[in-house]
Amino acid sequence: MSIGVEALNAYCGVAAIPVPALFAGRGLDPERLDNLMMRTKSVALPFEDPVTHAVNAAKPIVDALDPADRDRIELLVTSTESGVDYSKSVASYVHQHLGLSRRCRVLEVKQACYAATGALQLACGYLAAGLSPGAKALVIATDVSLVDEKSQYTEPAMGTGAAAVLLGDRPHVLDVDLGAFGVHSYETPDSARPAPTFDIADADRSLFAYLDCLTNCFADYSARVEGADFATTFAGLAMHTPFAGLVRAAHRKLARENGIADTAADFAARVAPALEYPSRVGNLCSGSVYLALASLVDHLRPTEPVRVGLYSYGSGCAAEFYSGVVDASSVAAVGRMRIGEHLAARCELTFDEYRALLAENADCLVPVADREIDPHRYASVLDRVGLPRTLLARTGVRGYHRRYDWIGVGAA
Amino acid sequence: MTGAAVRRVLHEVIGEILPTVDVDRIDGGRHLRDLGADSIERVEIIMAVCARLRVTEPLASFGDIRDIDHLVAFLSEVSTR
């Protein structure tokens, strides 16, 4: 039985700031750019939130389905650490604005940057069980960034956006190796979002946990999968990318532990293709590994079936290494989403524009009873978007209920 | 392994990863970040020292290290287990 990813898309905003410009604006040490390995950072506009990100990532996937297939989406899961309500899920809004069938399970999950992978594995298990033959599941990882100058070197690394993953029994993008996984989880206070306006993070503790978990997850994977060999089993590796420099360090550690002599060449061949998009976006939280997978497919461009490894890590912490097979149909399916073109078409912000938007974005997750938001106030940014597209925008809040509408952006 | 031997290895590694730091003037009361090491360099320093001392301690064990003296004491302890 084949179960896996039928379609994959990422929405990474329509505005971005070059990381060197952010370093200059904040007075950060430019010598640290080499180990950060980040080029641009996606920036949300004040009418964007976790709901709009999720819908804008999934809409092209849903629109490409014929109505009968769309109605087979029987499970919608949003994964986020940017919840907008203690009770009401982001998924409930997303279900409405994607126009999904009412015969659908709808829920939201949370486990920091791991949550989407946990949801994906549970959904694959459900689909593989055959309880509803032909059913599909839509998992959408969506988050907004709350970092500012107080976050120092984390600020240039944090992105904004969402990744949407459609799962089913026609896995054109990634044929998941069912049962081939390794997991490692324990409690640690490496980072958290204790309130809707700020994050806390212990950089060293988080890096140590990410790296320890990678070693332990791969050991668990190897114990479950006969013949698994880090050096030869995987043509490419897509990893959760808090910043690309950490993925380079993680690969170097695992490569050394598995006897790879030329770690730099191995990194360039198997990992660098997965960092092209993440290094132009920033950390998408639980969507990060799926942006990395899209990047890997778009840049590795396999013509024959090859196995790839995926590593997902979420603070707190929970982690998983798993695998699947990609081929030429993956390249075609991901390519149809034009992720690279949309990244290139983002409006480039000046530091002053970025700082002004950051101040307006700060209360994105704070519950308020009533508020009006006019997306057209940001025409000076929207008119500089290079590719025309239609996006869902938040237009306000009434009685704590978020309101949304569709807008056109970009030069026609 | 004695503290002096661990410190010698640590200084050797710091000199390789942070070549602009004068290792003879490292104050044990300072953290690696005070020497200008970024988060990746701090991880690389700890992994390299552990490899040379043949210490297999999980990196998470180093999460509460306060300063270089504390790091030396911790490595001395785990290297003799």
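A residue is called buried under 20% relative accessible area, exposed over 50%, and partly exposed in between (1.4 Å probe, protein chains only). By that yardstick Lys150(A), at 68% relative accessibility, is exposed. This is a predicted model, in which local features need pLDDT of at least 70 and side-chain atom pairs count only at pLDDT 80 or more, while totals for chains, interfaces and linings use all residues. Residues are numbered from 1 along each chain as its sequence is written, chains are lettered from A and ligands numbered from 1 in the order in which they are written, and side-chain values use heavy atoms, with hydrogens and water left out.

**Salt bridges**

A salt bridge here is a side-chain nitrogen of Lys or Arg within 4 Å of a carboxyl oxygen of Asp or Glu. Over all chains the count comes to 30. Here are some of them to look up in the structure.

| Pair | N to O distance |
|---|---|
| Lys150(A) and Asp148(A) | 2.9 Å |
| Asp199(A) and Arg193(A) | 2.6 Å |
| Asp363(A) and Arg371(A) | 3.6 Å |
| Asp204(A) and Arg33(B) | 4.0 Å |

Exposed Lys150(A) has a buried partner, Asp148(A), at 19% relative accessibility. Asp199(A) is partly exposed at 30%. In the pair of Asp363(A) and Arg371(A), the aspartate is partly exposed at 32%, and the arginine is partly exposed too, at 26%. Salt bridges that share partners also link Arg26(A), Glu149(A) and Glu155(A) into one network.

**Where the chains meet**

Counting contact as heavy atoms within 4.5 Å, 17 residues of chain A touch 19 residues of chain B. The two chains bury about 1,500 Å² between them, 57% of it on carbon and sulfur atoms; buried area is the accessible area (1.4 Å probe) that two parts lose on being put together, summed over both. Five salt bridges cross this interface. Helices H7 (203-224) and H8 (244-257) of chain A are the elements that each give two or more residues to the chain A side, where helices are DSSP runs of H or I with at least four residues, strands are E runs of at least two, and both are numbered from the N terminus. H7(A) gives the most, with seven residues.

**A histidine in H8**

His251(A) sits in helix H8 of chain A and is buried, at 1% relative accessibility. Its side chain makes a polar contact of 2.6 Å with that of Asp266(A); a polar contact is a pair of N or O atoms within 3.5 Å, and within protein one must be able to donate a hydrogen and the other to accept it, with residues adjacent in sequence counting only if both atoms are side-chain atoms. Beyond its neighbours within four places in sequence, His251(A) is in contact with residues including Phe230(A), Met239(A) and Phe267(A).

**Nonpolar cores**

In soluble globular proteins, nonpolar side chains tend to be buried together. A nonpolar core is a set of buried Ala, Val, Leu, Ile, Met, Phe, Trp, Tyr and Cys residues joined through side-chain atoms within 4.5 Å. The largest one has 99 residues, and Leu138(A), Ile140(A), Leu167(A), Leu174(A) and Tyr290(A) have the most contacts inside it. Helix H12 (residues 288-300) of chain A supplies the largest share of this core, eight residues. A second, separate core of 70 residues includes Val19(A), Leu254(A), Ala319(A) and Ile26(B).
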